[in-house]
Amino acid sequence: MIYLELFLTFLRIGAFSFGGGYGMISLIREEALAHGWLTEDALLNMIAVAESTPGPIAVNMATFVGSSQGGVLGAAIATLGVVLPSFIIILIIAMALRGLMKYAGVKAFLGGIRPCVVGLILATAVTMLLSRVGGFGDLSTLREVGLTAPDLRGAVILVILALVALSIRKLTKKPVSPIFLILLSAVMGMILYVP
Amino acid sequence: MKSKTIPTLFFTMLKIGLFTFGGGYAMIALLENEFVTKRRWLEQEEFLDVAAIAESTPGPIAINSATYIGFKQAGILGSVVATLGMTLPSFCIIYAISLFFDAFLSLTAVACAFRGIQIAVLYLILSAGLRMLKKMEKTPFSWAVLLLTLIGMVTLTLLSVKLSTIVYILAGGVAGVALWLIRRLRHGKKGGEA
């Protein structure tokens with residue numbers, strides 16, 4: 001039953017993703033790949049769409065995956081699933097546990113989660129880079145398929161993006177807009193990958 | 001006055017949901033502008049509390065803040081309306097895009113553009129991680145948790161061993177509590193602030 005599966009999966013994602021949109025990418029990646037809902041490439045495309053449209057990244061991703069698997073009802077159910085844990089937890093805190101965040105034990109728990117989330121995001125970035133650019137292919141079949149040729153054009157795009165982003169930040173003292181980087185990479189993709 | 005609160009909540013959240021790009025942190029600035037500066041529904045100090053709670057509870061920061069502010073203004077109904085308002089724009093926009101996205105991708109030029117865009121997304125994920133690393137409080141403990149998670153997850157993924165992200169998160173939390181308990185035992189009663 002795809003609707004129940006979507007609901008429970010996104011409920012889990014909503015309940016265990018700390019640290020905002022990027023914090024949930026590792027969890028969404030793991031679930032979506034395990035269920036066969038998305039490939040590594042499709043996941044990256046989806047994050048790009050989620051980044052370039054307004055609204056919370058998590059809601060965008062839930063709607064997208066839900067729609068691809070179960071139409072408009074699937075989209076609604078996945079979105080409900082991802083929102084529900086936040087909604088309930090916040091209601092409980094707002095109603096009864098205003099001081100919850102001030103307990104030393106809760107602080108200690110969150111203090112352990114925070115560096116863990118940073119590690120998860122960096123690990124996701126590293127594994128996805130190995131998979132998409134480093135020639136590691138789809139990592140779950142790595143042992144059977146083995147390494148393929150690295151994507152040199154991808155590496156070139158990555159280096160140019162990093163140089164552009166860092167120099168703009170140096171010059172303007174402001175972080176670069178993600179949408180600008182997405183547009184720039186789209187242009188480079190059209191030039192470099194054209195068959 | 002109260003009767004106006006519900007529609008105002010809904011449309012304000014709808015507006016914020018429709019016009020903020022870049023996820024939760026960008027949204028916090030807009031929420032502050034609307035609810036603290038313009039409408040004065042919240043004091044600055046309470047808003048900082050909301051932001052801290054939204055950041056440290058699981059789930060999207062924008063949804064967490066909307067639920068909290070909605071509840072504070074108009075109870076459960078307020079929280080439902082605020083959360084719905086925040087979610088609706090994304091939902092409609094992404095649903096519409098998802099309908100024609102595959103057809104769009106089947107154009108060669110678009111497919112090539114997205115091959116490039118995938119690289120930008122990788123860059124964005126990496127820089128989000130590095131930004132959070134910069135902001136992280138750096139202690140031997142936080143470095144240990146970070147490196148264990150990073151090395152553990154990359155190694156296990158390359159070995160095709162499946163270990164859920166949830167396990168890492170819970171282990172991190174438990175390690176945090178364990179460290180706090182050990183410190184408390186060592187310093188007697190005084191160690192409340194970890």
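Trainee: What makes chain B and chain A partners in this predicted model, and how many residues of each are in contact?

Mentor: In this predicted model, 91 residues of chain B are in contact with 102 residues of chain A. Contact here requires heavy atoms within 4.5 Å. The area buried between the two chains is about 8500 Å², and carbon and sulfur atoms give 78% of that area.

Trainee: How many salt bridges does the rule find across the interface of chain B and chain A?

Mentor: The rule finds one salt bridge across that interface.

Trainee: Why is the pairing of Arg115(B) and Asp41(A) called a salt bridge?

Mentor: The criterion is a side-chain nitrogen of Lys or Arg within 4 Å of a carboxyl oxygen of Asp or Glu. For Arg115(B) and Asp41(A), the N to O distance is 3.7 Å. The pair therefore satisfies the rule and is called a salt bridge.

Trainee: Why is Phe100(B) called partly exposed?

Mentor: Phe100(B) has 45% relative accessibility. Buried means under 20% and exposed means over 50%, with partly exposed in between. The value for Phe100(B) falls between those limits, so the residue counts as partly exposed. Phe100(B) lies in helix 4 of chain B, which covers residues 61-105.

Trainee: Which residues form a nonpolar patch on the surface with Phe100(B)?

Mentor: Leu99(B), Phe104(B) and Leu107(B) form the patch together with Phe100(B), and the accessible area of the four is about 410 Å². A patch residue needs over 30% relative accessible area, and Phe100(B), at 45%, satisfies that part of the rule.

Trainee: Is Arg40(B) counted as buried or exposed, and why?

Mentor: Arg40(B) counts as exposed, because its relative accessibility is 69% and the limit for exposed is over 50%. Arg40(B) is found in the loop between helix 2 (24-38) and helix 3 (44-56) of chain B.

Trainee: What is notable about the phi of Arg40(B)?

Mentor: Its phi is positive, about 55°, although Arg40(B) is not a glycine. Most residues other than glycine have a negative phi.

Trainee: What makes helix 3 of chain A mostly covered?

Mentor: Seven of the 10 residues in this helix, which spans residues 25-34, are buried. They are Ile25(A), Ser26(A), Leu27(A), Ile28(A), Arg29(A), Glu31(A) and Ala32(A). Each is called buried because its relative accessible area is under 20%. Gly36(A), with a positive phi near 70°, follows helix 3 of chain A.

Trainee: How many helices and strands does chain A have?

Mentor: Chain A has nine helices and zero strands. Buried residues make up 53% of its 195 residues.

Trainee: Which domains does the assignment give for chain A, and how many residues of each take part in their contact?

Mentor: The domain assignment gives domain 1 (2-145) and domain 2 (152-192) of chain A. Five residues from domain 1 and six residues from domain 2 take part in the contact. The two domains bury about 410 Å² between them, 79% of it on carbon and sulfur atoms. Glu51(A), Ser52(A) and Val133(A) supply 73% of the area that domain 1 buries against domain 2, more than any other three residues. The count of salt bridges between these domains is zero.

Trainee: How far apart do the C-alpha centres of the domains lie in each chain?

Mentor: In chain A, the centres of domain 1 and domain 2 lie 25 Å apart. Chain B is divided into domain 1 (2-100) and domain 2 (138-194), and their centres lie 32 Å apart.

How values were computed
Residues numbered from 1 in each chain as written. Chains lettered and ligands numbered in written order. Predicted model: local features only at pLDDT ≥ 70, side-chain atom pairs only at ≥ 80, totals over all residues. Heavy atoms only, no water. Patch = residues over 30% accessible without salt bridge, like charges linked within 9 Å, V, L, I, M, F, W, Y side chains within 5 Å. Areas by Shrake-Rupley, 256 points an atom, 1.4 Å probe, with all protein chains shown as cover. Helix = DSSP H or I, 4+ residues; strand = E, 2+ residues; numbered from the N terminus. Buried < 20%, exposed > 50% of the residue type's maximum accessible area, 1.4 Å probe, protein only. Domains from an automatic or database assignment. Buried area = accessible area lost by both parts, 1.4 Å probe.
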